[in-house]
Amino acid sequence: MKKIYFIINPVSGTGSKEKIPFLIEQVFSSGLYQPEIIFTEYPGHASDLTRSAIEKKADIVVAVGGDGTVNEIAKSMIHSETALGIVPMGSGNGLARDLRIPLDSRKALEVIHKGNITSIDYCKANGHVFFCTCGVGFDAMVSERFSEGKLRGSISYVISVISEYLKFQPDNYTIMLDQETIKEKAFLITCANASQYGNNAYIAPHANIQDGKMDIAIISPINPLEAGPLAIQLFTKQIDKNNKLRSFQSRKVIIKRSKPGPMHIDGDPILAGKKITVATVPSGLRVVVPVKEDLQTPIQAQINDIQSFFREISNWIQEQAQISLPKL
């Protein structure tokens, strides 16, 4: 019987966790697993619980919560024999989306029950571990503002992008890759281990989380007329068609800029210096992922992403219309 620990953060993410224990009981009733459900009680508790589960020879530790909870648990599991399971309940769900883990909790649990395990890469930026993206420039500033806001989801992200655009001044960078050095004034630079930031915002549509390399996305300064189309391309997985984007692959990159400033690590903003060193660590994390026959085709997935984006636009417009209606 395999040991599986469910670490639930009751206050993270966007959805209620009340039904999760009941769903776990239903999905894991086969007797193949010995499930244990634990709720976090304070900041950093998820890391402590994960390390304890690994010491007890857990086969799988499942992160139930938002992106912060998933990252906290995943960082505590690198280079262990224990596999990470994800029940995504956040606003971005970047790692879960890239691994094509269902956002529906029951379906995500069913994926974990099947126990299909693979290994993925992770990266380190100035010693900070990340699994999806890190970046400097405009996306770091947006991440900083987005983290301060109360709203979540793709539309909120677009609003943050638009509101920050007019204030932003691009910086000059020196980017040292494996094979070449680039000097350029850039709107943003993103080091992508995975294809997206989260929220179906695909900054590096062709990034592969298992190839031992990062995709380095560099976007040149853009004018106001170019900002809208670029944002739409970001959320419809078409940004690689924008002529302002240059992409490179590298195992390591050193970014130098004129002054310290914000950098985001999987969407969490931190203050970083003038020099940032980012490196890939191949196959450093074991993860439970869907079996191939359960995956959507790339075309189906892309159609769903586009439909999801425009559904959010429609919902947001309806919400704004209701807010604007006069009270009788």
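Visitor: Is Ser105 buried or exposed?
Guide: In this predicted model, the relative accessible area of Ser105 is 15%. Under 20% counts as buried, over 50% as exposed and anything in between as partly exposed (1.4 Å probe, protein chains only). Ser105 therefore counts as buried.

Visitor: What pLDDT do local features need in this model?
Guide: Residues are numbered from 1 along each chain as its sequence is written, and side-chain values use heavy atoms, with hydrogens and water left out. Because the model is predicted, totals for chains, interfaces and linings use all residues, side-chain atom pairs count only at pLDDT 80 or more, and local features need a pLDDT of at least 70.

Visitor: In which element is Ser105 found, and how far apart in space are Ser105 and Lys17?
Guide: Ser105 belongs to helix 5 (residues 105-114). Helices (H or I, at least four residues) and strands (E, at least two) are DSSP runs, numbered from the N terminus. Ser105 and Lys17 are 88 residues apart in sequence, and their C-alpha atoms are separated in space by 9.7 Å.

Visitor: How far apart are the C-alpha atoms of Val64 and Pro10?
Guide: Val64 is in strand 3 (residues 60-65) and is buried, with a relative accessible area of 0%. Along the chain, Val64 and Pro10 are 54 residues apart, whereas their C-alpha atoms are separated by 8.7 Å.

Visitor: What is the C-alpha separation of Gly212 and Pro282?
Guide: Gly212 lies in the loop between strand 10 (188-192) and strand 11 (214-219), and at 8% relative accessibility it counts as buried. Gly212 and Pro282 are 70 residues apart in sequence; their C-alpha to C-alpha distance is 4.8 Å.

Visitor: How many salt bridges does the structure hold?
Guide: Side chains of opposite charge can pair when their charged atoms come close. A salt bridge is a side-chain nitrogen of Lys or Arg within 4 Å of a carboxyl oxygen of Asp or Glu. The number of salt bridges in the structure is 3.

Visitor: By how much of a helical turn are Asp48 and Arg51 separated?
Guide: The side chains of Asp48 and Arg51 meet in a salt bridge, with an N to O distance of 2.8 Å. Asp48 is partly exposed at 35% relative accessible area, and Arg51 is likewise partly exposed at 41%. Because they are 3 residues apart in helix 2 (residues 45-55), their separation is about one helical turn.

Visitor: Which residue forms a salt bridge with Arg246, and is that residue buried or exposed?
Guide: The side chain of Arg246 meets that of Glu184 in a salt bridge (2.5 Å, N to O). The pair links distant parts of the chain, with Arg246 in strand 12 (residues 245-250) and Glu184 in strand 9, 62 residues apart. Arg246 counts as partly exposed at 36% relative accessibility. With a relative accessible area of 12%, the partner that is buried is Glu184.

Visitor: What is the sequence separation of the parts tied together by Lys244 and Glu226?
Guide: Lys244 forms a salt bridge with Glu226, the closest N and O atoms being 3.9 Å apart. Lys244 lies in the loop between helix 8 and strand 12 and Glu226 lies in helix 8, so the pair ties together parts whose separation in sequence is 18 residues.

Visitor: Which residues of helix 8 are buried?
Guide: Helix 8 spans residues 224-235. Glu226 in this helix is partly exposed, with a relative accessible area of 25%. The buried residues of helix 8 are Leu230, Ala231, Gln233, Leu234 and Phe235.

Visitor: Which residue follows helix 8 with a positive phi?
Guide: The phi concerned is about 65°, although the residue is not a glycine. The residue lies in the loop between helix 8 and strand 12 and counts as partly exposed at 28% relative accessibility. This residue is Lys237.

Visitor: What is the phi of Asn93?
Guide: Asn93 lies in the loop between strand 4 (83-88) and helix 4 (94-98), and it is buried, with a relative accessible area of 6%. Although Asn93 is not a glycine, its phi is positive, at about 55°.
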